[in-house]
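Here's a quick tour of the model shown below. Have the viewer open while you read.

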Amino acid sequence: MTRTEITPSQFTAMRQALQEREAEIIGRLLQQPDYPPLPPCPECGAEAEQIDSMVEPPSFEFAEPVVLINVQPCGHRLRAVVDLDEPM
Ligand SMILES: [Zn+2]
């Protein structure tokens, strides 16, 4: 198959269009991040919009670290003892 010669200006235009396309794709991704959905609330099964979790300092009662979890918008406040045998 023969190759068709294009002019330097055609090549420049094509390269510019490709760069603009790439910039547009990146720009769209940054503006509308399409994150996968969060896991549902384990308590009520509601769709979670925000999940905050923090590790409670170890106490006498529990040797394992305890994680406090707040789920929004249902507002459930959860508490979980981390099983140290399971990878976090
Ligand atoms: Zn809930």
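## Confidence first

A word on pLDDT before anything else: it is the predictor's confidence in each residue, on a scale from 0 to 100. It matters here since this is a predicted model. Ranked by mean pLDDT, the elements of the protein chain run from helix α1 (residues 8–31) at the low end, with 88, up to β2 at the high end, with 92.

For the protein chain as a whole, the average pLDDT is 85. A score of at least 70 is reached by 89% of the residues.

## Overall layout

So what's in there? The protein chain has 1 helix and 3 strands, and going along the sequence you meet them in the pattern α-β-β-β.

Burial is scarce: of the 88 residues in the protein chain, buried ones make up 1%. Take the contacts with a separation of 6 or more, and 22% of them come from residues 24 or more positions apart.

## The helix

Is the length of α1 what you'd expect? Put differently, what should its 24 residues span at 1.5 Å a residue? The expected figure is 34 Å, and the end C-alpha atoms of α1 are indeed 34 Å apart, so the two agree.

How many residues of α1 are buried? The count is 0 out of 24, so α1 lies largely in the open. Keep in mind that "buried" here takes 20 or more other C-beta atoms within 10 Å of a residue's own.

## The sheet

The 3 strands make an open sheet, ordered β1-β2-β3, with antiparallel pairing. β1 (50–56) and β3 (77–81) sit at the edges with a single partner strand each, so one side of each has no neighbour in the sheet. On average, neighbouring strands in this sheet are turned by 20° against each other, ignoring direction.

As a general point for anyone looking at the faces, side chains in a regular strand alternate between the two faces of the sheet.

## Strand pairings

Start with β1 and β2 (residues 66–72): these two pair in the antiparallel sense over 7 bridges. If you want a residue to look for, Q50 is opposite Q72 in β2.

On to β2 and β3, which are also antiparallel, with 5 bridges between them. Here L68 has R79 in β3 as its bridge partner. The two strands form a hairpin, with 4 residues between them. Look at G75 in that turn: its phi is positive, at about 80°.

Note on methods:
Residues are numbered from 1 along each chain as its sequence is written. Two strands pair if DSSP finds at least two bridges between them. Axes are lines fitted to C-alpha atoms, for helices over the stretch in contact, and angles run from 0 to 180 degrees between N-to-C directions. A residue is buried if 20 or more other C-beta atoms lie within 10 Å of its own, exposed if 12 or fewer, and partly exposed in between; C-beta atoms are placed from the backbone. Two residues are in contact if their C-beta atoms, placed from the backbone, lie within 7 Å. The expected span of a helix is 1.5 Å times one less than its number of residues.
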